[in-house]
Structures are given as structure tokens and as C-alpha cells.
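This report describes one protein chain by its domains, its sheets and a few single residues. The sequence and the structure are shown first.

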Amino acid sequence: MNKTDVLGGNHANTHLALAVGGAQRYVQIADPGYKEATTFFYETLRDAHSYSTGGSNFREYWQAAHEQGTSILDVMKVKPDSFAGHDNEESCTTYNFLKIIRHLFEWSPSPALLEMYSYALTNGVMGIQRGTQPGVMLYLLPLGTGVTKGNSTRGWGTPFTDFWCCYGTGIESFSKLADSIFWMELKANSALIIARYVPSKLDAAATRGGWVVHVTTGAGGASLATSGKATITVDAPPAMGGEQTMKLLIPSWSASPTVEVNGVAVAAAVKPGSFHSISRTWKRGDTIELTLPAVLTLSKVRA
Ligand SMILES: [Zn+2]
């Protein structure tokens, strides 16, 4: 395979959709070249063409490698007062990017993939809905100093007269907010991976006698971002019994994270940017409490 970065100057969502199709080719007929191509495509996009938000592209096209900042600065020079034209990361590109990350995670589950998924979902999907106004969404997510979300050429959409491509993928994306919170390894065991800490419930009792757990965050419904707290309660352990493993994503943005099981701190070190595995004979009512204080971090351009 000729592993060359040819993304610069190409239309982002045309090729993201092709990459999703390539990943599906591996899923359907196990053509190994397409697994390799999907992986190289993802790594190239992540390292040379993405913003720290998890999104990419400017006016629907990818810039030259490592030139993501140029478009942001150029627009601010040309229109310093209006900040209009900040046409960064088209929303439906994030929709397809999430599909690619899901495939890669199924093939090789790593904490870094889940973190990229979370960044892209938080900024490029959840960030495109205007408050509680139904049907008011973004086509393009502006990036830049002092720029607000309406500062793109298209601005905010309207409930009845805008039907951009990103409205189709946007509506679908919001129907999938429950996606990729929980993952289960389908090997000899049923190791449960918890990827995102949002109020949610997993009922996998009918699936290989799997887990039933629920997740809550902060007191009074406060989010993880506000409270830094998440609690996982085991409502039913896997029916197969014996020692089973729960893997918790410890985000790399957390400083001095802690994990307690039934009020007792775990003995093993809790490392940001890793899975923290807990193996035990689980019982109904077991409770895991996570403290994940957020710390400001600098996202550097990768070489
Ligand atoms: Zn679109």
C-alpha cells in the first residue's frame, strides 16, 4: 500500500463517506487491505488535518497537512470586525468521522480512540444544536479567537427553510447520543468497557447473560464536566458468575483521578489516558465512584 497523505485540497465529506465504505468492505468480506487503509486514513486525518476539537476541514475541504490554523488566522485578517466566514468543520464530516472511529475501536479497542470519539461528539455534534430551539442547527462550526457559533457564512439554520446535508446527519446524530457509552468484549469473558460518563443504563441481561448497570453523574443531575463525579451501580452482574472485568476509561484530561469500589479506593494506580480495569466477583448493588477533575491541557500539532 502506498501510504501517502493526499488529503489536502480534497472535499472532506466525499472522501469520509468513501472511507466509511472501505471500512465496511473489511467488515463484510474481511479484505485486510481495507482495514489497513482505514487505519492509515484515520491516523493521517487525526495527525495532519484535524483541529483539537476532533473536527477537520475548512469550507468543506481539507487544507494542506498541518495548515489547519492558517485558515483561521487568514479569515480574521480579512474580516477582523465581523469574523464572518469561519467555515470550519462541516457538521456531517463529524458524523462520518464517528463511524470510522467506531469501526477502528471494534477492531482494536484503545482509550485514545474513545477520547477522540468524545471530542468529536461533544464539539461537532452536541455543539451544533442551538440551546433548546428545535431545528436550529449548524452547517459549519466556526473556530477562532472571539468567534461565536453564528460567525460562519451560513450561520445558524432555521427550523423550516434550511435543509443542508448537515441537517440530515445532524438529526440522525442526535438520535444516537446513547451510542458508544458502553462496549462489551465478545471474547471468552464479557468485559464491560464504559466509555462515556453520562446518565444512562445498560441492560444486556438478554445478551449472553450480560451486565445490567446504570451511570449517574454529580449531585442533583450535574454533568461530569460540572461535578467531576460519576457513579456506576451494578444492578445485575453477568449471569456466568465468577470473576469478571469492568474497564473504565480514565480521560487524559483528568488530573489526579480516583476510583473507589464500594467506598474503598482501588489499590492500583489510576492513570489518565488509560483503561482502569477492575476484576472481581460482582454483586448486585456494587458501586464504583469516579472522581475525574478536569484540567486545562494544550493540544499540540503532531509531527
Ligand atoms: Zn454537510
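The text below goes through the domains, a helix, two sheets and two loop residues in turn.

**Domains**

The model is predicted. The domain assignment places domain 1 at residues 12-174 and domain 2 at residues 182-291. Taken over C-alpha atoms, the centres of domain 1 and domain 2 lie 29 Å apart. Contact between them involves 5 residues of domain 1 and 10 residues of domain 2. On the side of domain 1 that touches domain 2, 3 residues are nonpolar, 1 is polar and 1 is charged.

**Helix α2**

Helix α2 covers residues 32-48, which makes 17 residues. From its first C-alpha to its last α2 reaches 24 Å, close to the 24 Å expected at 1.5 Å a residue. The buried residues in α2 are T38, F41, Y42, L45 and A48. An α-helix has 3.6 residues a turn, so residues three or four places apart point the same way. The partners that the buried residues of α2 pack against are α1 (12-29) and α4 (91-107).

**The four-stranded sheet**

One open sheet has 4 strands in the order β1-β2-β6-β9, and its pairing is mixed. At its edges are β1 (182-184) and β9 (274-280), each of which pairs on one side only. From one strand to the next, the twist averages 20°. β1 runs antiparallel to β2 (residues 192-194), with 3 bridges between them. Within this pair, M184 is opposite L192 of β2.

**The six-stranded sheet**

A second open sheet is built from 6 strands in the order β3-β4-β5-β10-β7-β8, with antiparallel pairing. Its edges are β3 (200-203) and β8 (264-265); each has a single partner strand, so one side of each has no neighbour in the sheet.

In the strand order, β10 is placed between β5 and β7. Strand β5 (residues 229-236) is antiparallel to β10 and joined to it by 5 bridges. A230 has L290 of β10 as its bridge partner. Strand β7 (residues 258-261) is also antiparallel to β10, over 4 bridges. There V261 stands opposite I288 of β10.

In a regular strand the side chains alternate between the two faces of the sheet. Strand β10 (residues 287-291) has I288 and L290 on a covered face, and T287, E289 and T291 on an uncovered one. The covered residue L290 is thus paired with A230, and the covered residue I288 with V261.

The antiparallel pairs described above are listed here.

| Pair | Bridges | Opposite residues |
|---|---|---|
| β1 and β2 | 3 bridges | M184 and L192 |
| β5 and β10 | 5 bridges | A230 and L290 |
| β7 and β10 | 4 bridges | V261 and I288 |

**Two loop residues with positive phi**

Which phi value does N57 have? It is near 80°, positive in a residue other than glycine. N57 is in the loop between α2 and α3 (68-78). With 27 other C-beta atoms within 10 Å, N57 is buried.

S180 likewise is not a glycine, and its phi is positive at about 65°. The loop that holds S180 is the one between α6 (165-174) and β1. Is S180 buried or partly exposed? S180 counts as partly exposed, because it has 18 C-beta neighbours inside 10 Å, whereas a residue needs 20 or more to be buried.

Note on methods
Residues are numbered from 1 along each chain as its sequence is written. This is a predicted model: local features need pLDDT of at least 70, side-chain atom pairs count only at pLDDT 80 or more; totals for chains, interfaces and linings use all residues. Two strands pair if DSSP finds at least two bridges between them. Axes are lines fitted to C-alpha atoms, for helices over the stretch in contact, and angles run from 0 to 180 degrees between N-to-C directions. A residue is buried if 20 or more other C-beta atoms lie within 10 Å of its own, exposed if 12 or fewer, and partly exposed in between; C-beta atoms are placed from the backbone. Domain bounds come from an automatic or database domain assignment. Two residues are in contact if their C-beta atoms, placed from the backbone, lie within 7 Å. Ala, Val, Leu, Ile, Met, Phe, Trp, Tyr, Cys and Pro count as nonpolar, Asp, Glu, Lys and Arg as charged, and the others, Gly among them, as polar. The expected span of a helix is 1.5 Å times one less than its number of residues.
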